[in-house]
Structures are given as structure tokens and as C-alpha cells.
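Okay, thanks everyone, I'll keep this short. Let me put the structure up, and then we'll walk through it piece by piece.

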Amino acid sequence: MSILVYAKTANQKVHKSALEVVSYANRLAQVTGQSVKALIIGSADNAEELGKYGADQIIQVNDDKLSSFQPSLIASAISQVAKNEECDTIIFSHDCLLYT
């Protein structure tokens, strides 16, 4: 089994909070013997940074339907990736931004 990290992006860049949560997941994976998979919805110019912080695999999901913030579609994509990649833990970063 693996740990899946939802890596938030903004303006085609991986958000700093995503790097922090991948680092946390990496420490957890060292204890549990699992691998860390980082999920990006859309694209990010600096996606490889996730590997430097401990992601063993970076998964990018590109779909025009996910280009705008639609929580139910994003949740469905995360769930499908978690199932397909056999992840038993999903970690999200805390975000104080409100979406409207």
C-alpha cells in the first residue's frame, strides 16, 4: 500500500504547502515502509520539486473538467487515483483560502 498526497498548485506551480505535506508523508512512509505518491490535478512547472521532498512517484491528472475549482470532481479524481494506485492513506495540506 502507499500514501497519496494531494499536491495543491497555483499559477502552474506546486504550492509550498504541498512540499511540506510531501515531506511529512515521507517521514510517515519511513516508519510504515510505504511509498509516497504525489497527485497534481492539472499541471505544474515545478512538479519535480515533489521528488526532492520525498515523493517516490508524481501523478498528474489533466482534464479540462478539472481546470476550474469543482470540489466534487476533484474529490472523485482523488478517489479514483487512490483506488487505482492502491493507496490506503490520503494526506492533504491545510489551506486557509476560501473558494467561492
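So, let's start at S2, which is buried, with a relative accessible area of 6%. By buried I mean under 20% relative accessible area; exposed is over 50%, and partly exposed is in between, with a 1.4 Å probe and protein chains only. Before I go on, the ground rules: this is a predicted model, so local features need pLDDT of at least 70 and side-chain atom pairs count only at pLDDT 80 or more, while totals for chains, interfaces and linings use all residues. Residues are numbered from 1 along each chain as its sequence is written, and side-chain values use heavy atoms, with hydrogens and water left out.

Back to S2. It sits in strand β1, and when I say strand or helix I mean DSSP runs, numbered from the N terminus: E with at least two residues for strands, H or I with at least four for helices. What does S2 touch, not counting residues up to four places away in sequence? That would be Q34, S35, K37, E85, E86, C87, D88 and T89, where contact means heavy atoms within 4.5 Å. One of those is a nice long-range one: S2 and E85 are 83 residues apart along the chain, yet their C-alpha atoms are separated by 7.6 Å.

Zooming out to the whole of β1, five of its five residues are buried, so the strand is largely enclosed by the rest of the structure. Both faces are covered, with S2, L4 and Y6 buried on one side and I3 and V5 on the other.

Now the sheet. In which order do the four strands run? It's β5-β4-β1-β6, an open sheet with parallel pairing; two strands pair if DSSP finds at least two bridges between them. β5 (57-61) and β6 (87-91) are at the edges with a single partner strand each, so one side of each has no neighbour in the sheet. From one strand to the next, the twist averages 25°. For that and the other angles, axes are lines fitted to C-alpha atoms, for helices over the stretch in contact, and the angles run from 0 to 180 degrees between N-to-C directions.

In terms of bridges, β1 pairs with β4 over five of them, in the parallel sense, and with β6 over four, again parallel. On the β4 side, S2 stands opposite S35 and I3 stands opposite V36. Over in β6, the bridge partner of I3 is T89.

On to the helices that pack on this. α1 lies across β1, β4 and β6, at about 175° to β1. α3, residues 71-84, lies across β1, β4, β5 and β6, at about 160° to β1.

Let me stay on α3 for a second. At 1.5 Å a residue, its 14 residues should span 20 Å, and the end C-alpha atoms are 20 Å apart, which agrees; the expected span is 1.5 Å times one less than the number of residues. Which residues of α3 are buried? They're I74, A77, I78, V81 and A82. Looking down the axis, those fall within an arc of 130°, so they line one face of the helix, the arc being that of the directions from the helix axis to the C-beta atoms. The cover over them includes β1, β4, β5 and β6. On the face turned away, you get the exposed residues S72, Q80, K83 and N84.

Next, the nonpolar cores, meaning sets of buried Ala, Val, Leu, Ile, Met, Phe, Trp, Tyr and Cys residues joined through side-chain atoms within 4.5 Å. The largest has 18 residues, and V5, V14, I40 and L50 touch the most other members. Elements giving two or more residues to this core are β1 (2-6), α1 (16-32) and β4 (35-41), and α1 gives the most, with six. Apart from it there's another core, of 12 residues, among them L4, I41, L66 and A77.

Last thing, backbone oddities. Most residues other than glycine have a negative phi. N11 isn't a glycine but has a positive phi of about 55°; it lies in the loop between β2 (9-10) and β3 (13-14) and is exposed, with a relative accessible area of 75%. E86 has a positive phi of about 55° as well, and isn't a glycine. You'll find E86 in the loop between α3 and β6, and at 52% relative accessibility it counts as exposed.
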